[in-house]
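Hi there,

Here is the structure I promised to send over. Have a look at it first, and then read on for what turned up.

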Amino acid sequence: MKEFTIRENEAGQRLDKYLRKLLPDAPGSFIYKNLRKKNIVLNKKKATGAEQLTIDDIVTCYLSDETFDSFARSAQETIADLKKIPVQPDFSVIFEDENILVMNKPAGMLSQKAKETDISANEHLIAYLLESGEITQEQLLTFRPAVCNRLDRNTSGILLAGKTLRGLQQLSAELKSRNLQKYYRCLVKGDLAKRQLLKGYLLKDESRNQVSVFANQAENRKYIETEYIPVEQFGEYTLLEVHLITGRSHQIRAHLASLGHPVIGDPKYGNSRDNQIFKNQVGVNRQLLHAYRVRFSDGREFCAQLPQDFESAIMWLRSRNDAGKTKSVNRMKPFSASKQRKKESF
């Protein structure tokens, strides 16, 4: 016999949905049969599976340990694998409270799994919460903290994650309503001096995982808006801060490249000559695009420190140019990337 008390992360869902998470290898017929036979009960009473769970409800499974474990095996094995994942030194937490976590993803790390064997930011997040004791293996059977936004594998910077159901719901609402403002830093080809608002239409080729940008609307093309502000000029290169107004796949990289200002290091939309220069000079081997800061609808802002390869590229450009050629065109308020912890509601 096993007994489970419903907490905030499980409340609000149907009992049968909860049981499918608890026993992911059990067929639906097994779950409903045992509900009918009262081998699985809710608050000591017979249940149908359609009941909405509330906090402090008690789910009791009158099943042998062998039977329970056989139907929970895949979930238990997954959790055991997660527990083996060491918290990476480059898993950098910028801010967390009870419900959300803001991290600085390094380039090369997936935001979410592409295939079953991948270890993504999601897995590192759970490993971090297990190590800190903020979630238990038992709780992971029925609820998984998760990353809410995505960055390309070789784009670094801010990822937002929900530690609790409330956190996931609130972040999802912010992202869906576009109240959350996202700003990126990128190094591009070209001498750009003025703030620009770019508009266009994006078409994705799924077979090549590549997009094209057009001036006019047509079938399957999606509207995009991208705003950039020059931060520092280096003659033929410019450091930009980009406001991602619409969030489409590869939007920043493709939109800037379509205007002749590709992101340095970008193997898909970039300029091979410039990419080779930066690879030879400072070892850049990925696009210098970084999710730099976010502003929530309540006014809070968080900033992610630039990674070393990006900083090295900027320092090389500054050293290469004399004071007359290198100029700051937009003095922005600096943001602290130091880790902040607040135990308060999102």
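Let's start from the outside: the accessible surface of the protein comes to about 17200 Å², and carbon and sulfur atoms account for 46% of that area. Please keep in mind that this is a predicted model, and that the values here are computed from it.

Now the overall build. The protein has 346 residues, and 47% of them are buried. Its C-alpha trace spans about 80 × 45 × 35 Å along the principal axes. If you colour it by secondary structure, look for nine helices and 16 strands. Taking contacts between residues at least 6 apart in sequence, 67% join residues that are at least 24 apart.

Next, the inside. How many cavities of 30 Å³ or more does a search of the whole structure find? There is one, and it holds about 60 Å³ of space.

To find the cavity on your screen, select the residues that line it: Asn149, Ile158, Leu160, Leu180, Lys182, Tyr183, Tyr184, Ala291, Tyr292, Arg293 and Val294. Three strands each supply at least two residues of this lining, namely strand 7 (156-162), strand 8 (181-189) and strand 13 (289-295). Which strand gives the most? That is strand 13, with four residues.

Sorted by class, the lining has eight nonpolar residues, one polar residue and two charged ones. You could try matching the names in the list above to these classes as a warm-up.

Happy exploring, and write back with any questions!

Best wishes

Key. Residues numbered from 1 in each chain as written. Predicted model: local features only at pLDDT ≥ 70, side-chain atom pairs only at ≥ 80, totals over all residues. Heavy atoms only, no water. 1 Å grid on protein atoms, 1.4 Å probe; cavity = no way out; pocket = protein on both sides within 12 Å on 5 of 7 lines; lining within 4 Å. Points joined across faces, edges and corners; volume = space filled by probe spheres on them. Nonpolar A, V, L, I, M, F, W, Y, C, P; charged D, E, K, R; others polar. Buried < 20%, exposed > 50% of the residue type's maximum accessible area, 1.4 Å probe, protein only. Contact = heavy atoms within 4.5 Å. Areas by Shrake-Rupley, 256 points an atom, 1.4 Å probe, with all protein chains shown as cover.
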